[in-house]
Structure formats: structure tokens, C-alpha cells
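Biologist: Can you pull up the model? I'd like to go through the ligand site with you.
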Amino acid sequence: MLNPKLEQIENSFNVSSLCQINSPLLEQKHVELWLKRDDLIDPVISGNKWRKLKFILNHALALNSQTIISMGGAYSNHLHALAYVAKTLNLNSIAYIRGEQPENFSPTLKDIQHWGMQLRFVSRSEYRELRSCMQYNQYPATQTGEYWLPEVGSTELALLGVAEIIAEIDMDYDHLCVPCGTGTTLAGLINAAKKNVRITGFSALKGGGYLKQEVEHLLFTQSSNWSINLDYHFGGFAKTNNTLFQFMESFYKLQGIALEPVYTGKMLYALFDLISKDQFKPGEKIIAIHTGGLQGHRDN
Ligand SMILES: *Cc1c(COP(=O)(O)O)cnc(C)c1O
């Protein structure tokens, strides 16, 4: 059962609608491209981070936790969403941040501190150590009422939330596409999607070959209707170039939809490139998920 407080938060959200993308290329190739707008859910609690947090927070509330402790980088969409929801739920929150305390805080860090999240800066080796604590009651949640949420943890609960994306799509489609960081969102989609849908994850990082195995571990049953494209990382995680920015800018001009360059921008660039290279058949319908995350790309 969903805690009424979480239900109330969800009721305040906007609908994650499906919108069709129009472009001369798509017309010429007779391919339909639809965007599932998880970016619209909420201006702060963005896209797939809410999907992943929902049932984890439900678990934490069921345990009567008072404090959620988690981890992330200085631009983390996860911490940004968590800090805000924790504040809304009247929970304390603590974050272990990778790296030394910076002189100037990123917009993300400013926000989460403002929302009352306690920040603890840790070295890369300490950070790695934290990552290995996978259960909610493991270090550093050593006090009663503390709930530990590691970077890749409580995945069964995260997968449950991601599956709701599939339930919301009320049209037939051939392809489902999503950007990949840890691959958890991709795994949740594979678990929930029909087996005749072809699912592609687009790695946001360089050397994402290991992701395949990570995703396989998260699947309820083995399946072969999915793959991970490793070709559009643009040099590495959060690396960008002019080609990518020009693409995002023209996409915004034509569609009125803002993208960010770490995840969804790269995936959509990839899709247009692959469509132009006839990697999709005429008549096919693609649904791509806009995972949100625009907060990580502000200048102030
Ligand atoms: C975290 C994040 C992802 C990656 O999700 P994974 O489940 O880690 O693969 C994709 N898009 C955005 C905007 C994110 O914040």
C-alpha cells in the first residue's frame, strides 16, 4: 500500500504525457517518434528519479524512518529529488557527496542545502566504500530511525516504480528507448514491457559495456528483446560538444521541448542519427523516455 503522504505528493504531479515529435526526417523515413514526458511530472522532483524513489520512500515510511541518508555527486538529480521530497515528508536527510567541499556550491548543492539536507563531503575511496553498503540498514544507517539509500540500492523497489511508466503508455509501439546511467530504469522497463517490444538503452557513459551484466542481474526473467547502445556517449559522462548543443537547440526550437545534455539529449541525438541511417523500418513506432533532470544544467 502506498503511504497517503506519498499519494498526496503524486496527486500534485502533472501528467507524464506522450507527445509525437514532428520532423522532416521522420516524415521522410515514415518512422513515428513519441516522447514520454517524465520531465513534466514536477519542476523539482524530476522524471525517473521519482519513479525510482517512490516505493523506496514508501518502505522507509513503513519502517517509521525519520532520516534518509544517501549519496551522490555535486549535480545529482537523485539527491535533488530526494532532498525535496524528504522536506515535503518532514524527514531529515543527509547526503554523502563525492569529492572535496567546493568553494562555490553548484546550483544543485545550494538547493539541497536550502531544503535542509545535511551535506558530508567524502573522498573518492570513502565514497566507493559507501557504495558497497547495499541494504537500507547497513552502514552508515547505524541509528534507529535511519534509512540508508545507496547509489545503487533497494533496486527491487526502484524497479517497481519504473514499471509504472509502461502501465501509463496506452498505445502500441515497436521500440522503447531510454538513456542509461546505472541501467536501473532500463531494467525496470524490460521487466514490465511486452516481449514483442524492442528495448534500447543508450549509455550516457563511456566504456558502458559492463552495464549489460548489471541490467541482466536486475531482470525478473531472461529476455533477449533488449540491448544497450554504447556509441553515443560523446566522450564520456556529462561530456558534451557543439554538435550535441546544436542538436538540442534546434530540437527546442522545433518541438518546444527542453533537453539536457547528459541523458535525454544524447539519446535523442542518437535516435535521429540512427533513423537517418535507416536503422528503423518504415512504419515503426518508437517511444523514447524523457527522463527529466533539467535541474543539473543551470548556470546559477
Ligand atoms: C539518473 C538519471 C538517468 C539514469 O537512470 P539509471 O536508472 O541510473 O540508468 C537518466 N536520466 C536522468 C535525467 C537521470 O537523472
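Biologist: By class, what is in the shell around the ligand?
Modeller: This is a predicted model, where local features need pLDDT of at least 70, side-chain atom pairs count only at pLDDT 80 or more, and totals for chains, interfaces and linings use all residues. Residues are numbered from 1 along each chain as its sequence is written, and side-chain values use heavy atoms, with hydrogens and water left out. The shell has 10 polar, two charged and two nonpolar residues. Nonpolar covers Ala, Val, Leu, Ile, Met, Phe, Trp, Tyr, Cys and Pro; charged covers Asp, Glu, Lys and Arg; the others, Gly among them, are polar.

Biologist: Which residues are the closest to the ligand?
Modeller: Lys49, Asn77, Thr182, Thr185 and Thr291, out of 14 that surround the ligand. To be near, a residue needs a heavy atom within 4 Å of the molecule.

Biologist: Which ligand atom does the polar side-chain atom of threonine 291 lie 2.6 Å from?
Modeller: A nitrogen atom. The protein covers 96% of the 390 Å² of accessible area that the ligand has on its own, by the Shrake-Rupley method with a 1.4 Å probe.

Biologist: And which helix gives the most to the shell?
Modeller: H3, with three residues. Helices here are DSSP runs (H or I, at least four residues), and strands are too (E, at least two), numbered from the N terminus.

Biologist: New topic: what do the buried residues of H5 pack against?
Modeller: Helix H4 (77-88), strand E4 (92-98) and strand E5 (118-122), with contact meaning heavy atoms within 4.5 Å.

Technical notes
Polar contact = N/O pair within 3.5 Å; in protein donor to acceptor, adjacent residues only side chain to side chain.
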